[in-house]
Amino acid sequence: MADSTYVTGNVQAHDSNLHGSGMTSTLEAGHTFDNSFGGLTLLTEFDGIQLGKLESKNGGAGNMTPYITVGGEQSFNITDRLWVAAGYQHLFSAGENIQYRPLVKIGYNFDNGISLSNRTRAHIDATDADADTDYRMDNRIGYVMNEDVTLSYNNVYMIDADTMDHEFRATWTRKGVQPYFELRSQAHGAENANGDSLVNNAFVFGASYGF
């Protein structure tokens, strides 16, 4: 292991106005410091960058201000294949605090190329709205098909909101820049004030680079 840095970004095309416009983008960068436990990762993410025409969002106005996440997490290698991690992320937008997000992770890598992991993250309201705390669970299964392709499925469940997302990804694990394609089906179970479904389907193209 050695210290490493990564940058990743994507463009997302949506078939609904759930995210404020028909096209958005996400950018993230982080650095991992190798240590005797595993690794300490510090990161910054810009999410909800509006690229398309602003539209009504959940019955309200579209939002041009991206959400910014800063945080870190420490991983612990229990065995060669079992690992756990704990961390914290802080979400804000336009200089205002939005949520406090402590998190824990656990994962296991099998000999046959399959990996399983769970991330459970609390979403604690930091605004004047005093909203209920929700919990997001990401349950991911990955499969290394060969030295060039990795496939994964991530199930995202919000416990209090009782909504679910499905994310299917294929990554070209080449040296250098690694492009990926992803299909997302989001917000199953969510409804607007009129009782209409808020399900959004998105096609995502992105790439990551580590150095």
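# A tour of the strands

Begin at the hairpin of β9 and β10. Four residues separate its strands, and D162 takes a positive phi near 60 degrees there. The model you have open is a predicted one. Select D162 now. This residue sits in the loop between β9 and β10. D162 is not a glycine, yet its phi is positive, at about 60 degrees. Is D162 buried, partly exposed or exposed? D162 has a relative accessible area of 46%, so this loop residue counts as partly exposed.

**Stop 2: β9 and β10**

Now colour the strands on either side of that loop. Select residues 149–158 for β9. For β10, select residues 163–172. How do β9 and β10 pair, and over how many bridges? They run antiparallel, with ten bridges between them. For one bridge, pick L151. Its partner in β10 is A170.

**Stop 3: R169**

Stay in β10 and select R169, which belongs to this strand. At 27% relative accessibility, R169 is partly exposed. Show what surrounds R169. Which residues does R169 contact, once neighbours within four places in sequence are set aside? They are T150, L151, S152, Y180, F181 and E182. Two of these names deserve a closer look.

- L151: draw a C-alpha to C-alpha distance from R169. It comes to 5.8 Å, although the two positions lie 18 residues apart in sequence numbering.
- E182: this residue, in β11, is the bridge partner of R169.

**Stop 4: the next hairpin**

Move on to β11, residues 178–188. It pairs with β10 in the antiparallel sense, and seven bridges hold the count. Five residues lie between the strands of this hairpin. Select G176 in the hairpin. Its phi is positive, near 85 degrees. Next, select H166 and look across. Which residue of β11 stands opposite H166? The answer is S185.

**Stop 5: A187**

Keep β11 in view and select A187, a residue of this strand. Its phi is near 65 degrees, which is positive for a residue other than glycine. Is A187 buried or exposed? A187 is at 10% relative accessibility, so it counts as buried; the cut-off for buried is under 20%.

**Stop 6: β12**

Add β12 to the selection, residues 200–210. Strands β11 and β12 run antiparallel, joined by nine bridges. Return to S185, this time for its partner in β12. That bridge partner is N201. S185 therefore has a named residue in each direction: H166 stands opposite it in one pairing, and N201 is its bridge partner in the other.**Stop 7: T69**

Leave this end of the chain and go to β4, residues 67–77. Select T69, which lies in this strand. Is T69 buried or exposed? T69 has 4% relative accessibility, so it counts as buried. Show the residues around T69. Leaving out those up to four places away in sequence, T69 touches L43, T44, E45, Q89, H90 and L91.

**Stop 8: the whole protein**

Zoom out and clear the selection. How many helices and strands does the protein have? There are zero helices and twelve strands. The radius of gyration is 18 Å, close to the 17 Å that the globule rule gives for 211 residues, so the protein is as compact as a globular protein of that length. Along the principal axes, the C-alpha atoms fill a box of roughly 50 × 35 × 30 Å.

Turn on the surface. The protein exposes about 11,800 Å², with 58% supplied by carbon and sulfur atoms. Of the 211 residues, 33% are buried.

Next, colour by charge. There are 13 positive and 26 negative side chains. The centres of these two sets lie 7 Å apart.

End with the contacts. Take those between residues at least 6 apart in sequence: 42% of them join residues at least 24 apart.

Note on methods:
Residues numbered from 1 in each chain as written. Predicted model: local features only at pLDDT ≥ 70, side-chain atom pairs only at ≥ 80, totals over all residues. Heavy atoms only, no water. Helix = DSSP H or I, 4+ residues; strand = E, 2+ residues; numbered from the N terminus. Rg over C-alpha atoms; globule rule 2.2 N^0.38 Å. Buried < 20%, exposed > 50% of the residue type's maximum accessible area, 1.4 Å probe, protein only. Contact = heavy atoms within 4.5 Å. Areas by Shrake-Rupley, 256 points an atom, 1.4 Å probe, with all protein chains shown as cover. Lys, Arg positive; Asp, Glu negative; His and termini not counted. Charge placed at Lys NZ, Arg CZ, Asp CG, Glu CD. Pairing = 2+ DSSP bridges.
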